[in-house]
Amino acid sequence: INVQLPAIDDVQQAISAIGTAAVLEFMLVDEEVMKQGRDLERSLFDAEKEMEPGHFLDDSVLSDHLVRTAQIPPTTRLMWEYKALPEGGKERADYYVVKDEIMLTGDDINDASVSINQFNEPYVAMEFKPRGASIFAEVTGANVNRRFAIVLDRQVRSAPNIREKIAGGRASIEMGVG
């Protein structure tokens, strides 16, 4: 494979420009823990007071702290969805307590694309590989009316609600408008 990067002469600069492969994972949201919203908010408030600022802002360290102090079960992880800031960068937006089990990965997906439905609303269409389709059907069938977090590089990108068992190897995630 020949990769051409105009205006980049330095090898390290080229490696930084290309970056590393993104890691896509699908994890179930722990709905029972998420129902304890007031307790979770208090735990986050306490953690912010107890932890060094750099540690509190490190998602993995914060999650480990909450597990270690028994604020969330040891079989879960606290993960964040981020929003982009107008001046650049990003900040924490919403948190999710997810079960610490990766149900599917990007390796289980054959294709994914953004499309527009008949109401002019965007949605993501996905096609799974055979193994992924089987797992996806099993997981969605067993978790109707629960959320399935889509995690990219250890950050939640969305957590859509599973409406029904999704078999056949194809799925769509409605994004709505606005």
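Two short exercises on strands and backbone angles follow.

This is a predicted model: local features need pLDDT of at least 70, side-chain atom pairs count only at pLDDT 80 or more, and totals for chains, interfaces and linings use all residues. Residues are numbered from 1 along each chain as its sequence is written, and side-chain values use heavy atoms, without hydrogens and water.

**Exercise 1.** Place Asn-120 and describe the sheet formed by S5, S6 and S9.

Solution.
- Step 1: Asn-120 lies in the loop between strand S5 (109-116) and strand S6 (122-128). Strands are DSSP runs of E, at least two residues, numbered from the N terminus.
- Step 2: Its phi is positive, about 65°, although Asn-120 is not a glycine. Most residues other than glycine have a negative phi.
- Step 3: Asn-120 is exposed at 59% relative accessible area. Exposed means over 50%, buried under 20%, and partly exposed in between (1.4 Å probe, protein chains only).
- Step 4: The three strands form an open antiparallel sheet in the order S5-S6-S9. S5 and strand S9 (170-174) are the edge strands, each pairing on one side only. Pairing requires at least two bridges found by DSSP.
- Step 5: Five bridges join S6 to S9. Ala-125 stands opposite Ser-172 in S9.

**Exercise 2.** Work through the hairpin of S7 and S8.

Solution.
- Step 1: S7 and S8 pair antiparallel over three bridges. Ile-150 stands opposite Ser-158 in S8.
- Step 2: Two residues separate the strands of the hairpin, and Asp-153 in the turn has a positive phi of about 50°.
- Step 3: Arg-154 sits in the loop between strand S7 (148-152) and strand S8 (155-158). Arg-154 has a positive phi of about 65° although it is not a glycine.
- Step 4: Arg-154 is partly exposed, at 39% relative accessibility.

Methods: Helices (H or I, at least four residues) and strands (E, at least two) are DSSP runs, numbered from the N terminus.
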